[in-house]
Every structure is written in C-alpha cells, then in structure tokens.
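Me: I keep meeting words such as buried, core and pocket. Could you show me how each one is justified for this protein?

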Amino acid sequence: MKKFLAAALSALILLVGALFFVACADSGNGGDDNNSPEPPVAVDVYAPDGAPALALAQLMSEDMQFGGDVSYHVVDASTIQTFVTGNDPQAELAILPVNLAAKLLGTGENYQMLGAVTHGNLYILSKTADVHITSDNIQEAFAGKKVGCIQRDNFVGYVLRTVLANAGVKFEDRENKEEENATTDTAYLYDVAGTEITPAADFDLMVAAEPVVNKKTSATSLKVAGNLQELYGENGYPQAVLVAEKSLIKNDPAFIADFIEAVEANAEWVKTADAQVMFDAVQQHYGATPTFAVTDLTAEVISRCAIRFESAQSVKQRVIDFLAEISEAAGQTFSASDAFFYSPENAA
C-alpha cells in the first residue's frame with residue numbers, strides 16, 4: 001500500500017510540473033496572456049548633415065534608445081524630404097528646414113512639429129578682411145555686388161532675400177555668372193554649390209552655413225564679413241525643426257517626452273563635448289564623410305551653429321511670422337496650421 005501511495009504521489013507531482021511548464025511556455029510565447037511584454041517601438045530618426053545632425057550628436061554618440069528600438073540616420077540635406085513623404089514614410093522623427101516642414105507637413109495631418117532645434121547658422125564671406133557688414137552699411141556693402149549663395153532657391157536664399165528686402169537693398173537673381181552687372185545699386189544673386197565658394201570664385205560676397213563656414217575660412221583666405229542672423233535681428237530665426245509622426249506621438253507619449261528632454265540636453269552637451277566624439281557620431285550614422293571636419297567643431301563654431309531646443313508652443317508665433325516673411329521672398333506660400341504645433345497637453 002505504501003508503495004502504491006508513493007507511486008501515485010510521484011505521478012501527481014510530475015503531472016503538476018508538466019502543466020506548469022506548458023502554462024509558462026504559452027505565456028512566454030506571446031499567447032493570450034495579457035502580461036506578455038510588448039516589443040519595443042521601432043523608431044527611425046533622420047537628420048540632414050551639418051548643424052541639424054549636431055543637434056542629435058549626443059543621442060547618436062550614446063545610442064540612446066528611450067525604451068524603444070531607435071535607429072539614427074544622417075543624410076544628405078537635399079534628400080531629407082524623401083523620408084517624411086509618400087504612402088509609408090520611413091521617418092518617425094526627422095529634422096527639416098522650417099520652410100520644407102511647413103510645405104510638406106504643415107497641415108498637421110501626419111506629423112507634428114515638436115520644436116525648433118537650430119536658429120540660424122548662415123554667414124557672409126568675403127575675399128578680404130576689411131569687409132564688415134552691419135545693419136548700418138548693408139546697402140552700401142551689397143550694392144553692385146555679385147553674391148554667390150548656397151541654396152539660393154531654397155532656405156538660405158529665402159533668408160538672404162528677406163534680410164536684403166528688409167534693409168531696402170535692391171537685388172536680382174542671375175543665372176549667367178559671366179554676365180556683367182547692369183547697375184551699381186543692385187545686388188546680383190547666383191546659386192552656387194558649396195565647392196564653388198573659394199577665393200578664386202568670381203563673386204564679391206558668398207553665403208554659406210556653419211560648420212562649413214569655418215572649414216572655408218580655416219583652409220582658405222576667405223573671411224567672415226557678416227552674420228545673417230544679426231542682420232535679420234530678433235535673436236535669429238527658427239531654421240531647422242524636429243517633427244514626429246502623429247501615430248508615434250499618440251501611441252507613446254512617454255517616448256516623445258523623453259526624446260525631447262534628450263534633445264534639450266544635447267544643446268548643452270555640444271558646447272563642451274569632444275570634437276572627435278561629435279564628428280564620429282555624425283559620420284558613423286551617415287555612412288559618408290560629413291561636410292565638416294573634426295577641426296571645425298570648436299566651441300566658437302558650435303556657438304555659431306545656434307543649436308538650442310525651443311518647444312513648438314513657445315516658438316509657434318515666431319515660426320508663423322517667419323514663414324510669412326520668407327513666403328514673400330520665395331514667391332510661394334509657406335504656412336502651418338495650429339494642428340502642426342505639438343502640445344503635450346493635447347498630443348496628436
């Protein structure tokens with residue numbers, strides 16, 4: 001009898017153990033158990049090469065994940081719009097020039113602007129050191145001059161035209177670089193590639209962006225002759241903005257809050273971060289050589305990149321006003337609806 005009871009007890013223990021194992025296996029296999037862990041949210045973040053990429057340098061350097069599965073991508077500035085458009089956009093988060101963000105996403109239907117991350121990094125270059133352009137002499141400085149401008153027919157050109165118009169400077173777009181100036185009171189604007197901005201170029205003045213400006217002035221005899229942000233006034237202007245897909249904002253507001261906090265912290269981090277660390281962070285997520293070098297990432301140059309985060313609500317009116325200004329300069333309308341500006345209290 002004792003042997004029978006012992007055998008029965010052993011069989012019962014084995015049966016209970018088997019049932020426990022099956023239950024655990026079902027639970028861990030993502031069955032109907034409500035306590036199954038959710039897979040981390042997959043997020044692709046895109047930023048153009050240059051100052052916008054530096055606005056994410058710490059996040060990329062430390063591979064910040066925020067509890068998700070985050071992939072960072074640095075891309076050529078001319079391609080950034082392709083990652084937020086189409087039927088299935090690749091970017092959950094992206095940094096774009098404010099005019100492009102407004103043009104493509106300004107309805108707020110698919111993306112919302114979380115904030116502005118850079119506030120003007122455009123400078124005027126001259127072949128000589130004795131040119132110092134201020135609001136007092138801007139008319140004289142530009143009158144009759146040939147001006148080579150990167151992105152003349154995009155953001156940089158819109159800012160330049162806005163500054164010139166506000167200062168009462170006459171200007172005219174030109175395509176033929178060999179054509180002689182028609183008058184001595186008009187600035188002639190030419191579209192140029194970054195590689196054309198050299199001391200040998202047939203321009204009196206040239207407009208480029210940091211940190212490439214430092215690369216030009218360090219390696220050549222070109223000098224910084226003017227600061228477009230100061231000429232514009234009002235502590236610069238919202239230049240590059242961070243946008244997020246509305247579905248991500250709605251489904252994971254905690255992720256968005258943590259990401260914003262990290263971008264805010266990055267603006268302080270870059271002021272003292274090691275130049276090689278910043279450069280490597282950009283290059284490793286670009287897959288190409290950035291437009292700037294390690295030696296260009298000095299504290300002074302970083303300061304001139306104007307990297308700081310301002311929330312969508314705090315910068316909203318400045319964005320609206322600035323878009324109206326550059327719309328006139330561009331000859332097309334850039335605008336953004338209220339729905340475009342993210343608010344934590346009314347997310348998505």
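Reply: Here we take the terms one by one and set values against definitions. This is a predicted model, in which local features need pLDDT of at least 70, side-chain atom pairs count only at pLDDT 80 or more, and totals for chains, interfaces and linings use all residues. Residues are numbered from 1 along each chain as its sequence is written, and side-chain values use heavy atoms, with hydrogens and water left out.

Me: What makes M60 buried?

Reply: Buried means under 20% relative accessible area, exposed means over 50%, and partly exposed is in between, using a 1.4 Å probe and protein chains only. M60 has a relative accessible area of 4%, so M60 is buried. Of the 348 residues of the protein, 48% count as buried.

Me: Which residues is M60 in contact with, leaving aside its neighbours within four places in sequence?

Reply: Contact means heavy atoms within 4.5 Å. By that test M60 is in contact with A53, Y72, V74, A281, V282 and H285, once neighbours within four places are left aside. M60 and H285 are 225 residues apart in sequence, and their C-alpha atoms are 7.6 Å apart in space. Across the protein, residues 24 or more positions apart account for 77% of the contacts with a separation of 6 or more.

Me: Where does M60 lie, and why is that stretch called a helix?

Reply: M60 lies in helix α3, residues 57-61. Helices are DSSP runs of H or I with at least four residues, strands are E runs of at least two, and both are numbered from the N terminus. The protein comes to 13 helices and 12 strands.

Me: How do you know that β4 pairs with other strands?

Reply: Two strands pair if DSSP finds at least two bridges between them. Strand β4 (residues 111-118) and strand β11 (residues 240-245) have six bridges in the antiparallel sense, so they pair. With strand β12 (residues 307-311), β4 has three antiparallel bridges, so this is also a pair. Y111 is bridged to E245 in β11, while A116 has E310 as its partner in β12. Eight of the eight residues of β4 are buried.

Me: What makes a group of residues a nonpolar core?

Reply: A nonpolar core is a set of buried Ala, Val, Leu, Ile, Met, Phe, Trp, Tyr and Cys residues joined through side-chain atoms within 4.5 Å. The largest one has 67 residues, of which M113, I133, F142, L160, L228 and V243 touch the most other members. Its largest share, seven residues, comes from helix α6 (residues 155-166). Another core, of 48 residues, lies apart from it and includes A55 and V301. In soluble globular proteins, nonpolar side chains tend to be buried together.

Me: Why is the largest open space called a pocket, and what lines it?

Reply: On a 1 Å grid over the protein atoms alone, a cavity is a set of points where a 1.4 Å probe fits but cannot get out, whereas a pocket is an open set with protein on both sides within 12 Å along at least five of seven lines. Lining residues have an atom within 4 Å of a point. The largest pocket has 35 of them, and D49, A77, I150, Q151 and A209 lie nearest its centre. The largest share of the lining, three residues, comes from α7.
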